[in-house]
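Here is a structure to walk through step by step. Have the sequence and the 3D view at hand.

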Amino acid sequence: MGIKLTLTVNGASVTREVDAQTLLSEFIREHLRLTGTHIGCDTSQCGACTVHLNGRAVKSCNMLAVQAAGMELTTIEGLAAADGTLHPMQAAFRACHGLQCGFCTPGMVMSAVDLVKNHKCSTEAQIREGLDGNLCRCTGYQNIVKAVAQGAAAMK
Amino acid sequence: MNARQGFIGQSVERREDARFLTGRGQYTDDISLQGQTYGYFLRSPYAHARIKKLDTAAAAKAPGVLGIFTGEHFKAVGGLPCGWLINSLDSTPMKEPKHPVLADGKVRYVGDRVALVVAETLEQAKTAAAMIDVDYDELKPVVDGAKAMSIKSAVHDEAPDNRCYVWGIGDKDGADAAIKSAAHVTTLTFRNNRLIPNAIEPRAANASYDVNADNYTLYVANQNPHVERLLMCAFVLGIPEHKMRVVAPDVGGGFGSKIFLYGEETALVFASKQIKRPIKWTADRSEAFLSDAHGRDHLTTAKLALDKDGKFLALRVDTTAALGAYLSTFASCVPTILYATLLAGQYKTPKIYAEVTAVFTNTAPVDAYRGAGRPEATYVVERMVETAAHEMGLDPAEIRRRNFITEFPYASPVGLTYDTGDYNATLSRAIELGDVAGFAKRKAASEAKGLKRGIGYSAYIEACGIAPSSVAGALGARAGLFEAGEVRVHPTGKVTIFTGSHSHGQGHETTFAQVVADKLGIPMDDIVIEHGDTGKVLFGMGTYGSRSIAVGGTAIVKALDKIIAKGKKIAAHLMEAADTDVVYEGGVFKVAGTDKNVPFASVALTAYVPHNFPHDKLEPGLNENAFYDPSNFTYPAGTYICEVEVDTATGAVKIDRMTACDDFGNVINPMIVEGQVHGGLAQGLGQALLEHGVYDTETGQLLSGSYMDYAMPRADDMPTFKVETVKGTPCTHNPLGVKGCGEAGAIGSPPALINAICNALGVKDMPMPASPYNVWKAAQAAGR
């Protein structure tokens, strides 16, 4: 009953059999064992599961794995350079103390990269509005906003 | 470089961030074990009902099912214990009905655990759970704590009027007499709204039983693994403690909700021996809303008596606290010991009396949530003080100054002794930082836009560094509240620290290493901090109550002192000097007044390769542990000022300025401390403006059971905070002079925001949360 699914995951081609109802988030965590993508809710409100599909941010709990067929998936594990050098957004989160427990962080970073790349967010107001789909319970958002602004500058 | 390296006080970047930023953190749900199975809990759809029939026969035959467990399986074991005994005013102990692991014939809240289904996959477990045949006989639910005693329905037979205890503290007659004869009395009745903690990582556990070794391993998202182990082994399941290892790996936030021993992980451990395979359970968010211990939920009437000059004479507080359906681990002490003892606030109010009636309700249990009792106390004190100032025509800052405690130590009328503080300093600095001088101008500008602007103060104090065990024991604690630390120096001079504190976002791997690097004069790279594993750490009471650096940090310092003392003896032997002539500075043992020296690593090597060693005086090796039990609480304090702009047409509130000025004593890592304050502020402002755990009063259904119904603070709800930690008054009774910073933001901010909204609208009270509807209603009623 499995469906053959082929897609590119963090630069490498992957083929797996999945059930039709398997969510993309579940596929990433349980089938690929890429556990950096987190599940924080069941109503697509928290954004912890945010990944990039064909370069755009999506909440991976909100679509089926088979819908990603043939697409390019980037998870948090694939964001840094191959030699381990952090992506400028990851580096900014670290420098600005934009994370505490780390659970919302992968989704936050993936959203932040998308906000800068695809939505040209750079002002504080734009960043705060842009992060509306990602919940953090630790930081009060202040240092996340600071990190996104710093990351945006570094990505130019 | 031999000079002191000075890591303490530096904003060192966090070492844990590398794994979190790259997706390499290991949270409980990330761990899958060989032969992994999955657990799913069937939960009660009713708030209050008898289970007439519970038939699992059909479900047990469903594909993939490995076992189904119900209350019957747990008849022979204990209930989940409550860690604090509170006695009522009439000296009778609190009512302590059994808190069963799985429901024992009755369900008492929506989400109460009815059965655990274990299957090969989660889907199979869910499918089988739906096949369990349960027949309920509905009973009238007790939902609103304020009405619990008058409803003709008992959550527990042991408490026919739903009262758990009626507790009091202070001088009742003295307070009442002062209130009777005072020049002015301010009276207010308000609720402290129920909150749902919502760490973004839901609770999770993975339990396994090793048949060959006859022992258990439990991975669990938890703030205090040793406490979890002790409570589960000794009080519930009767497992020998040495046969159980509890690991709390990376934990995605706790805020109190992961302190407690829950039925879920207890049932999993029990079942893992029956199934003989590991069982994983991770709450989904809907489940977390229903079943995590909630916070707050008080109804309070307070009276503050003042003389004609605005000096406080007495405070009387009467609170009804809803405890939910069962006594959670620390439920009983939160609305008593952690609440009423803080009602003096920063003020020398001579007479205080507080009476707390705690009631059972058919809701999720209520227990410690960020601040735990102290936000509720601060809300009472700071709402009363500000309201009194406005009623008497006094400046809110001035009325506080007139009543501040200025001499220390200060023994409050509600049982605490504040060791040190400077409340004027934080108030004055907050006024500068918040540009209170410019408020009138900003108010005029708002008015020109048709908006109302208001300003509100809150001068909070909290008791942290929990806690002196003998004091806590005298007050009913059934546990010690010390902390343990171990310093293991390896032969090459590298160091592993084992701490009983647990980090779930606080950054201990960095701050604790800063302390050790400074104390030993070695690089941070030579130090590793281990925590969260009973198989590695000798003991620990865990992390809550802003206690980690004050209690856990001090335990490490004490163990380091022992390392240095032993190191001096080894060094003295190597340098052929007297022990007493050796000093330790910057990573080097020296003979005072000479150029003779031995570096730390050489002493470490000598301890493990003891060829030239004082065997007559010392054992080889360099490993020390220490237990530290504090002699007093610590007392962080500060002033928060909030400024809001209110649109009376829509009820929308914009937080325009939020200024926080804190005195945390000495600060190890300012960047991390500031981050802790930011997070606390968002939770406090969330409470005051957005969040509300709401049950339907007729049915007991949770109405705010998802992120679409429970308003979590989001990035665009929060302002940019102005936060400053003053070079304050170091704690006088721990060697680091630290007080703790984890809860301050959540404690100080709610009254500041509500005071600001009341000021903007010129109204006496505003319910929390100050939702647009509540604000609009108040504005309409006041004709604004």
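The text below goes from the two chains to their domains, then to the contact between the chains, and ends at one helix and one residue.

This is a predicted model. The predictor gives the complex an ipTM of 0.98 and a pTM of 0.97. Chain B has an average pLDDT of 97. In chain B, 99% of the residues score at least 70.

Start with chain A. Chain A holds five helices and five strands. Their order along the sequence is β-β-α-β-β-β-α-α-α-α. The radius of gyration of chain A is 15 Å, and the globule rule gives 15 Å for 156 residues, so chain A is as compact as a globular protein of that length. Its C-alpha atoms fill a box of roughly 50 × 35 × 25 Å along the principal axes. Of the 156 residues in chain A, 55% are buried. Now take the contacts in chain A with a separation of 6 or more. Residues 24 or more positions apart account for 60% of them.

Chain A is assigned two stretches as domains. Domain 1 covers 3–78, and domain 2 covers 88–155. Their centres, taken over C-alpha atoms, are separated by 21 Å. Where they touch, domain 1 of chain A brings 15 residues and domain 2 of chain A brings 12 residues. Which elements give two or more residues to the domain 1 side? They are β3 (50–53) and β4 (56–59) of chain A. β3(A) has the largest share of that side, with three residues. By class, the domain 1 side has six nonpolar, eight polar and one charged residues.

Turn to chain B. Its secondary structure comes to 18 helices and 28 strands. The radius of gyration of chain B is 27 Å, close to the 28 Å from the globule rule for 784 residues, so chain B too is as compact as a globular protein of its length. The C-alpha trace of chain B spans about 85 × 70 × 50 Å along its principal axes. Buried residues are 59% of the 784 in chain B. Among contacts in chain B between residues at least 6 apart in sequence, 80% join residues at least 24 apart.

The domains of chain B are written in pieces. Domain 1 joins 17–23 with 482–628. Domain 2 takes 31–139, 200–253 and 258–291. Domain 3 joins 372–466 with 634–781. Look at domains 1 and 3 of chain B. Their centres, over C-alpha atoms, lie 39 Å apart. Even so, 15 residues of domain 1 of chain B are in contact with 18 residues of domain 3 of chain B. On the domain 1 side, α13 (508–520) and α14 (548–575) of chain B each supply at least two residues. α14(B) gives the most to that side, with six residues. The residues of the domain 1 side divide into five nonpolar, nine polar and one charged.

Next, bring the chains together. Chain B puts 42 residues into the contact, and chain A puts in 44 residues. Three helices of chain B, α1 (17–21), α7 (285–291) and α16 (670–689), each supply at least two residues of the side that touches chain A. Which of them gives the most? α16(B) does, with seven residues. The chain B side divides into 17 nonpolar, 14 polar and 11 charged residues.

Finally, zoom in on one helix. Helix α8 of chain B runs over residues 374–392 and has 19 residues. From its first C-alpha to its last, α8(B) reaches 27 Å, close to the 27 Å expected at 1.5 Å a residue. Is α8(B) mostly covered or mostly uncovered? It is mostly covered, with 16 of its 19 residues buried. Just after α8(B) comes G393(B), which takes a positive phi of about 70°.

One residue in this helix is E376(B). Why does E376(B) count as buried? Because E376(B) has 27 C-beta neighbours inside 10 Å, and 20 or more are enough for a residue to be buried. Leaving aside neighbours within four places in sequence, E376(B) is in contact with N192(B), R296(B), H298(B) and Y339(B). R14(B) is 362 residues away along the chain, and 32 Å separate its C-alpha atom from that of E376(B).

Key: Residues are numbered from 1 along each chain as its sequence is written. Chains are lettered from A and ligands numbered from 1 in the order in which they are written. This is a predicted model: local features need pLDDT of at least 70, side-chain atom pairs count only at pLDDT 80 or more; totals for chains, interfaces and linings use all residues. Helices (H or I, at least four residues) and strands (E, at least two) are DSSP runs, numbered from the N terminus. The expected span of a helix is 1.5 Å times one less than its number of residues. A residue is buried if 20 or more other C-beta atoms lie within 10 Å of its own, exposed if 12 or fewer, and partly exposed in between; C-beta atoms are placed from the backbone. Two residues are in contact if their C-beta atoms, placed from the backbone, lie within 7 Å. Ala, Val, Leu, Ile, Met, Phe, Trp, Tyr, Cys and Pro count as nonpolar, Asp, Glu, Lys and Arg as charged, and the others, Gly among them, as polar. pLDDT is the predictor's confidence in each residue, from 0 to 100. Domain bounds come from an automatic or database domain assignment. The radius of gyration is taken over C-alpha atoms; the globule rule is 2.2 Å times the number of residues to the power 0.38.
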